[in-house]
Amino acid sequence: MFTSIYMVFAWVPTEADQGIVQRIFYFHVPCAWVAFAAFGLVAICGIFYLWLGQQVWDDLGYAAAETGMVFCTLVLITGSLWAKPIWGTWWTWDSRLTTTLILWLLYGGYLLLRAMAEDTPQVARFAAVIGIVAATDVPVVIVSVRLWRTIHPAVLVTRQGGHGLQDPRMVATLLLAMVAFTAMFAWLLMLRFATLRVRTRLAAAARDLNLAYASAAEL
Amino acid sequence: MSRFSAVLRKDLLLELRGGESTIALVAIALLVLIVLVFALNPAGGSRDAPAAAGALWVALIFAGMLGAGRAMLAERDNGAIRALLLSPIDPATLYLAKLAASFIFMMVAEAAAVTMIVLFFNLSFDGRLLGLAPLIALGALGFAALATLLAAITGRVRAGDLLLPILIVPLFVPALIAGVKGTGAALAGAQLADLAQWLKILVAFDVLFLTAGYLLFEYVVGED
Amino acid sequence: MDAPLIEARGLSKSFGPSPILRGVNLKIGEGGGALIIGPNGAGKSTLVRILVGLSAPTTGSALLFGAASHTLEATHRARIGLVTHQSFLYPNLTARENLAFYADLYGRLHDDGEISRWLERVGLARAADERVRTFSRGMEQRLTLARALLNRPDALLMDEPFAALDLDGVRVAGGLLKEARERGCALLLTAHQIMTISGIEFDCYELARGRLLAIADASSNQIRHQRAG
């Protein structure tokens, strides 16, 4: 996993011919893919949690949301860093960046809910519902923002300039980057998930311990 | 009488009896619009259609947000939510009844807001306003669908009243985009055919979130 | 007994790490009655909530009419009556309107006559068209009783129902409960201390440190009214 990431770092510089800044594209796009996919994962975990009631789904969903948030933030940052030298502004309201911003806010809402409320099964249910609702919203956001943007083409230039991937080496790099970033996401996800599982098991153990103490006190 | 209409009728009756919700919603809408007039400085006439459209929807969101938190308030104060959950009514049906009540209150506030928009932005009371009706109704319905579900969550979370806008606004964005664009077009004299793309988004939005709310509400009203 | 109407089997509940109920076993059959006493915080309200299906047990099961309480279907839910310290009444509606709402909710066809009869039964005929917000605690409690009984439940669970009632109110309540028992309704009451209600016998239990212990059964109860508090 680590090796694939480092390969991307080493390989990419030898491939770019459109200017050094364009290399950000290889970070930006995979991060975006991960951010959106992670959100789908949050929703799926939410559905399973509501359906089956097993804590493991909630832990996975929470881990996915936290990890996905990191990648979503990276999309916005890399998008900003890319936009500045190319178009001279830190932010453009083009359809993809706007949609990602909305996604970022949705992530934020989910995480804020979990941060502010206690750790009860009830709150886990709330979070699952929010995750599901937000994920169903995303496609509608994509469609509506795109429609919104096509009415005002003057303000901005499409970033899809980067999509004219002439060189097959660029395609290969992109694909490799996608795989690498997905792998990194999966790795971070598992780390976070493991931490949450430990937390869940500790809570269950504490509960069982208290029950045992109470029974022992009666003897 | 069906359970749905029993709950709806009870909520409407409570509102008439001295509920403050509708009056407060109208007041909020008015205040928000006044602020926006000063902020946007409209010159008057149909050149201001986009600004007027935006203002109308800002007012809708503000009023809806404040009104939404109160949908479950009556049941929270006297614990009646437990009685409702215990009764034979389906949580999904309860959701629809609450949502219907919220929708009605929002529409009352919206009617007032449209009137104020026409006055403040120097538009005219003519047939173009009819084009607004489906847009506003669909927008209010979608907002009510979201808000009824979300407010049931945030009402039981610490500092939930702060969380509600944070959750609702990004979720409402598609309807907001479609609504503002459509309203702007309608005020500028567009025909129903031109509004079709915006109406389609609003309809899709409403169907999506009404279904989501209908299916998910039961998970949100349970206890620990 | 035949199939119990209200039942707990090895019911345990922990909130986070704290155990509130531990291995509670209880059976109340048709026409049966149980009185559970215990100090504040003993878990009586939690137990009632779980039995009624509003809350789920951590382990073990709570059953009503033989089915799991938490996932009870609508036809069974219509047979439950619940009274807690929350009145479930809408302050801005009148007594009559509150009862009419709940009657509609339970799908009971009612004419004004039936509602009026209930109001008379609980001694609120004169206040029938007053808003509940003007009621005293005792009047509210009487109306709550009417609300809980108007769907003629087969299982009635009451969490400290007599706290606010005066002597007269307790008498009225006792009459209603007796009637319910005779109909075959299973009763569960909780209270701070042992209380007796004229003409009604209860199996008595105490909830302490999460465990439910039987302390007296119906045959050894005294028939005597004892005012709580």
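Start with the two domains of chain C: their centres, taken over C-alpha atoms, are separated by 24 Å in this predicted model. To colour them, select 1-79, 154-167 and 187-229 of chain C for domain 1, then 85-152 of chain C for domain 2.

Next, look at where the two domains meet. Here 8 residues of domain 1 of chain C are in contact with 8 residues of domain 2 of chain C. On the domain 1 side of chain C, the residues that touch domain 2 comprise 5 nonpolar and 3 charged ones, with no polar residue among them.

Now switch to cartoon view and find the sheet in chain C. Its 6 strands follow the order 6-7-8-3-9-10, and the sheet is open, with mixed pairing. For its edges, select 80-83 (strand 6) and 211-216 (strand 10) of chain C; each of these strands pairs on one side only. As you travel across the sheet, neighbouring strands are turned by 20° against each other on average, ignoring direction.

Stay at the strand 10 edge and add residues 203-208 of chain C, which make up strand 9. Strand 9 and strand 10 of chain C run antiparallel and are joined by 5 bridges. Show the side chains of C:Leu207 and C:Leu212 there: C:Leu207 stands opposite C:Leu212, which belongs to strand 10 of chain C.

For the last stop, select residues 137-149 of chain C, helix 5, which packs on the sheet. Add strand 6 and strand 7 (155-159) of chain C to your selection, as helix 5 touches both. Viewed along with strand 6 of chain C, the direction of helix 5 makes an angle of about 165° with that of the strand.

Definitions and conventions
Residues numbered from 1 in each chain as written. Chains lettered and ligands numbered in written order. Predicted model: local features only at pLDDT ≥ 70, side-chain atom pairs only at ≥ 80, totals over all residues. Pairing = 2+ DSSP bridges. Helix = DSSP H or I, 4+ residues; strand = E, 2+ residues; numbered from the N terminus. Axes fitted to C-alpha atoms, helices over the stretch in contact; angles between N-to-C directions. Contact = placed C-beta atoms within 7 Å. Domains from an automatic or database assignment. Nonpolar A, V, L, I, M, F, W, Y, C, P; charged D, E, K, R; others polar.
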